[in-house]
Amino acid sequence: MKLVSQEMRKLAPELDPLRIGTGWTKEDLAKPQIMIESTFGDSHPGSGHLDILVEEARKGIADAGGHGARYFATDICDGESQGTDGINYSLASREMIANMIEIHAGATPFDGGVYLASCDKGMPANLMGLARVNIPAVVVPGGTMNAGPQMLTLEQLGMYSAQYERGEIDEKELDWAKCNACPSCGACSFIGTASTMQIMAEALGLALPGSALMPAASPDLKEYAYKAGQQAVKLAVMPHMKPSDIVTMESFENAILVHAAISGSTNSLLHLPALAHEFGIEITGDTFDRLHRGARYLLDIRPAGRWPAEVFYYAGGVPAIMEEIKEHLHLDVMTVTGKTLGENLKDLKEHGFYEKCGRWLEDFNKRYGVTLTKEDIIRPYNQAIGTNGSVAVLKGNLAPEGAVIKHTACPPEMYRAVLRARPFDSEEECLDAVLKHKVEKGDAVFIRYEGPKGSGMPEMFYTSEAISSDKELGRSIALITDGRFSGASTGPVIGHCSPEAVDGGPIALVEEGDLIEIDVFERKLNIVGIAGERKTMEEIDQALAERRKNWKRREPKYQKGVLRLFSELAASPMKGAYLAYDK
């Protein structure tokens, strides 16, 4: 097979001497050239260890007869910027990392790639960059951090913070939680967005089988990085093994069924449609809703479940989930192993994968003095935690394009409710009202103008935690926003409300005292009353039309830089909030 890198050498005579000056040997120049992209950096625990995995991948590439070149586009940490305007850069960073990957590969073509990332935006950004570059490639998920003492994990910090603000715990207890919530490198140890997207990479067939969400400090992860390097060289010289040859609509359907089984983050409804867009495939909220209906929810891991994400791998990881839902999957889809999904699952069974995972589970049990079994972590199909997936897409006159709720993390009391509207035009105003008990039972609390075009679509994490950790409010009010939520968020929260307020979506027209209908069973989200009084849908339409006449578009929040660009070009939340250059 003709290598693009060798053609490039003929076209650019300066390429060879410049690479020799970088440390390449003359022999290296003639080998398959593999780009190693990672989000390595000292920005947070999810990326701080990736240089170790990069070097393992580089060894694997060398031993397979290739040469690896390291490229870095560091990601940021949502957790570190949470509660500040820094969180507004989070979703935009996904686009910028994908852009940098395109620039790296477009400026100097490579024959193959290895992509390493762990976290919320770094992993989907690398997947989007991988799709855009479209050279044979393997993804290495960066793994999860260990749980702390008493199985403490980071998503519990929002609860500790809210309890401290309300005077329920003292500063010493809050400080203990802060000092023990992140005991190692890796993604946060719960099924948040980082963990979910690592799992999605494998479920799509782009990572080696069994590699997603391993403990980041495990020697097994280094071995997978090494094997990924070897496999990238093999793929580089094989015909028809580009990502576009591997990833199909059926691949996405498999991933969404896995998403349902793990009760994955609602942010996947941003990232998978954006990734599908790069492949020329349309994935919408309706796709998620269709596949989640009737799907089995099996994974008993936080935030919706009991255990830290560390044990996911010990129970058999993505392959074990897939075995439970196998009859619903497309087993003939191709993967980066060069084999089908069905063949991969068979190979793992025959080569001792599950026995090895079981030995790690025994070690975990000894460490914490528990007696967990695989079935405690991944429920058997006929003993599912839930039988209707984990997310629902609600539509109606409040969200014509849709809005997302993770119903597995929502109290059943809020599956069907009519509430009074309490609109706020920023998260700061809303959080202040919640903490000062200015929000009452029966309120539908709105945070608007926080969508992609409004402020970059930050997470409403602290507000959602303040509500869900309140024993009364957590079961009697709802939070509705055109922003998004952390993958760790729980409670009666509805996000991605589309069209967003900045675009004049109905969420911008809601007024104090409007009656808001939520019906998860019927997938409805409607304004059904004005000033506390029920109205017909025709009367509601007339009232909204009058309000729209008086509504004025806001000046852009950002006048320059990345967030100005993002606010001008971002697609709607339910379409994935990608930069819609082609619109």
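**Exercise 1. Find where D170 sits, then work out which surface patch it belongs to.**

Solution. Step one: D170 lies in the loop between α9 (157-165) and α10 (171-180). Helices here are DSSP runs of H or I with at least four residues, strands are runs of E with at least two, and both are numbered from the N terminus. A quick note before going on: this is a predicted model, where local features need pLDDT of at least 70, side-chain atom pairs count only at pLDDT 80 or more, and totals for chains, interfaces and linings use all residues. Residues are numbered from 1 along each chain as its sequence is written, and side-chain values use heavy atoms, with hydrogens and water left out.

Step two: check the exposure. D170 has a relative accessible area of 45%, so it is partly exposed. The cut-offs are under 20% for buried, over 50% for exposed, and partly exposed in between (1.4 Å probe, protein chains only).

Step three: look at the partners. D170, E171, E173 and D175 make up a negative surface patch. Patch members have over 30% relative accessible area and no salt bridge; like charges are joined within 9 Å, and nonpolar side chains (Val, Leu, Ile, Met, Phe, Trp, Tyr) within 5 Å. A salt bridge means a side-chain nitrogen of Lys or Arg within 4 Å of a carboxyl oxygen of Asp or Glu.

**Exercise 2. Describe the nonpolar patch that includes I76.**

Solution. Start with the place: I76 is in the loop between β2 (67-72) and α6 (78-81). Next, I76 has 34% relative accessibility, so it counts as partly exposed. Finally, I76 joins Y89 and V562 in a nonpolar surface patch, and together they have about 240 Å² of accessible area. Such areas come from the Shrake-Rupley method.

**Exercise 3. H240 and M457 both have a positive phi: say for each whether it is buried or exposed.**

Solution. Take H240 first. Its phi is near 60 degrees, though it isn't a glycine. H240 lies in the loop between α12 (219-236) and α13 (243-246), and with 66% relative accessible area it is exposed.

Now M457. This non-glycine residue has a phi of about 65 degrees and belongs to the loop between α23 (452-455) and α24 (461-468). M457 is buried because its relative accessibility is 0%.

**Exercise 4. Locate the cis peptide bonds before P303 and P499.**

Solution. The bond from R302 to P303 is cis, with omega near 10 degrees; P303 is in the loop between α16 (285-292) and α17 (310-314). S498 and P499 are also joined by a cis bond, with omega about -5 degrees. P499 sits in the loop between β10 (493-498) and β11 (515-519).

How values were computed
Areas by Shrake-Rupley, 256 points an atom, 1.4 Å probe, with all protein chains shown as cover. Lys, Arg positive; Asp, Glu negative; His and termini not counted. Charge placed at Lys NZ, Arg CZ, Asp CG, Glu CD.
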